[in-house]
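Biologist: I have a model on screen and would like to learn how to read it. Could we go through it feature by feature?

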Amino acid sequence: MVTILGRAKINLTLDILGLREDGFHEIATVMQSLALADTLTLTRQEEGITLRVDLPGLETDERNLAHRAAALVRKECGVRGGVHIDITKRIPVAAGLAGGSADAAAALRGMNELYALGLSDDRLCTLGAQLGSDIPFALMGGTVLATGRGEVMQALPDFPATYVVLAKPPVAVSTPWAYRSYDAQPPGFHPDNAAFLEALERGDRMRCAELVCNVLEPVTETAHPVIADYRTRMRAHGALCAMMSGSGPTVFGLFAEERAAAEAAEAFRLETDAAVHLTCTAGKYGE
Ligand code: ATP
């Protein structure tokens with residue numbers, strides 16, 4: 001039996017550079033792992049893949065990314081035996097926190113350990129990229145500049161340890177819809193990734209907080225004004241900065257002090273309909 005964590009992520013910056021010939025968007029995004037994680041337990045069984053999730057309504061068949069990841073490893077490595085995957089879901093679903101990718105990455109690592117396959121990180125990332133652009137990042141974790149479709153990774157110095165409050169409003173956002181809406185009306189600004197990387201190199205959290213920027217934010221915010229309301233509240237409760245993650249709708253706030261973060265989380269629980277999590281930044285896988 002093997003137990004692996006699949007960590008959530010936030011995007012500290014997210015830029016769209018254009019549309020590629022393969023139909024995907026060319027992006028440049030600084031991604032950050034969080035301590036908030038799903039737990040996957042993998043157990044060998046005679047044959048086939050079975051999956052249980054403790055969240056009613058979430059797919060447990062081959063539509064589940066963890067299921068697909070296990071199937072891919074079995075096929076690619078000629079594994080005869082099967083696996084049962086048990087998922088304890090903590091990452092909010094369809095929230096811009098890449099929970100599905102986190103579970104897929106954990107299933108890839110889990111299969112590698114369970115069947116002692118000896119797959120390298122590079123090989124796992126290549127397999128992961130076949131299933132989703134965020135999965136290579138989910139495998140490696142830490143602080144990364146991801147380009148291409150999001151699968152080309154440059155490891156960065158760890159973002160200074162920071163408390164993170166997540167507030168997910170009760171609305172659903174589809175990632176393809178957000179990208180289509182962006183194409184129809186791109187906002188006229190871009191994050192300054194070069195300046196962000198320089199600030200990160202210096203460990204200058206305050207400057208990084210000034211430079212967080214997500215080009216999808218106005219797109220999702222137009223459809224869901226509650227996101228702007230959450231950003232304003234997050235700042236009013238003392239966040240260094242507040243922004244939407246990925247295609248949303250989750251808003252994150254960064255906090256230097258645990259107490260301020262805990263107070264902001266409590267205020268969100270009392271004052272809004274948000275699903276609220278208090279967590280912190282996390283380093284690379286295995287650290
Ligand atoms: P994206 O990675 O597209 O930005 P997201 O982070 O906003 O998405 P996820 O939590 O990954 O959202 O879920 C997106 C959809 O993926 C869900 O609505 C669900 O149908 C499907 N899905 C498949 N497997 C999983 C999984 N293990 N956990 C969560 N969602 C999953």
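**Reading the ligand site and the fold**

Modeller: Start with one contact: an oxygen atom of the ligand lies 3.0 Å from a polar side-chain atom of T175. Keep in mind that this is a predicted model.

Biologist: How much of the ligand's accessible area does the protein cover?

Modeller: On its own the ligand has 610 Å² of accessible area, and the protein covers 77% of that. The space that the ligand takes up is the largest pocket.

Biologist: Which residues are closest to the ligand?

Modeller: A residue counts as near when one of its heavy atoms lies within 4 Å. Here 18 residues surround the ligand, and the closest are E59, G96, A98, G100 and D103. Sorted by class, this shell has 8 nonpolar, 5 polar and 5 charged residues.

Biologist: Which helix gives the most to the shell?

Modeller: Helix α2, residues 99-114, gives the most, with 3 residues.

Biologist: What other polar contacts should I look at?

Modeller: Look at K89, where an N or O atom of the side chain is 2.9 Å from a nitrogen atom of the ligand. Then look at A98, where a polar backbone atom is 2.6 Å from an oxygen atom of the ligand.

Biologist: Where is A98 found, and what is its phi?

Modeller: A98 is in the loop between β4 (82-88) and α2. Its phi is positive, about 55 degrees, although A98 is not a glycine.

Biologist: How should I read salt bridges?

Modeller: Side chains of opposite charge can pair when their charged atoms come close. This structure holds 18 salt bridges. One of them joins E76 and R123, whose closest N and O atoms are 3.3 Å apart. E76 belongs to helix α1 (residues 65-77) and R123 to helix α3 (residues 121-131), so the pair ties together parts that are 47 residues apart in sequence.

Biologist: Which residues does a cis peptide bond join?

Modeller: The cis bond joins G248 and P249, with omega at about 5 degrees. P249 is placed in the loop between β9 (241-244) and β10 (251-255).

Note on methods
Residues are numbered from 1 along each chain as its sequence is written. This is a predicted model: local features need pLDDT of at least 70, side-chain atom pairs count only at pLDDT 80 or more; totals for chains, interfaces and linings use all residues. Side-chain values use heavy atoms; hydrogens and water are left out. A polar contact is a pair of N or O atoms within 3.5 Å; within protein, one must be able to donate a hydrogen and the other to accept it, and residues adjacent in sequence count only if both atoms are side-chain atoms. Accessible areas come from the Shrake-Rupley method with a 1.4 Å probe; for residues, only the protein chains shown count as cover. On a 1 Å grid over the protein atoms alone, a cavity is a set of points where a 1.4 Å probe fits but cannot get out, and a pocket is an open set with protein on both sides within 12 Å along at least five of seven lines; lining residues have an atom within 4 Å of a point. A molecule sits in a cavity or pocket if more than half of its atoms lie within 2 Å of its grid points. Helices (H or I, at least four residues) and strands (E, at least two) are DSSP runs, numbered from the N terminus. Ala, Val, Leu, Ile, Met, Phe, Trp, Tyr, Cys and Pro count as nonpolar, Asp, Glu, Lys and Arg as charged, and the others, Gly among them, as polar. A salt bridge is a side-chain nitrogen of Lys or Arg within 4 Å of a carboxyl oxygen of Asp or Glu.
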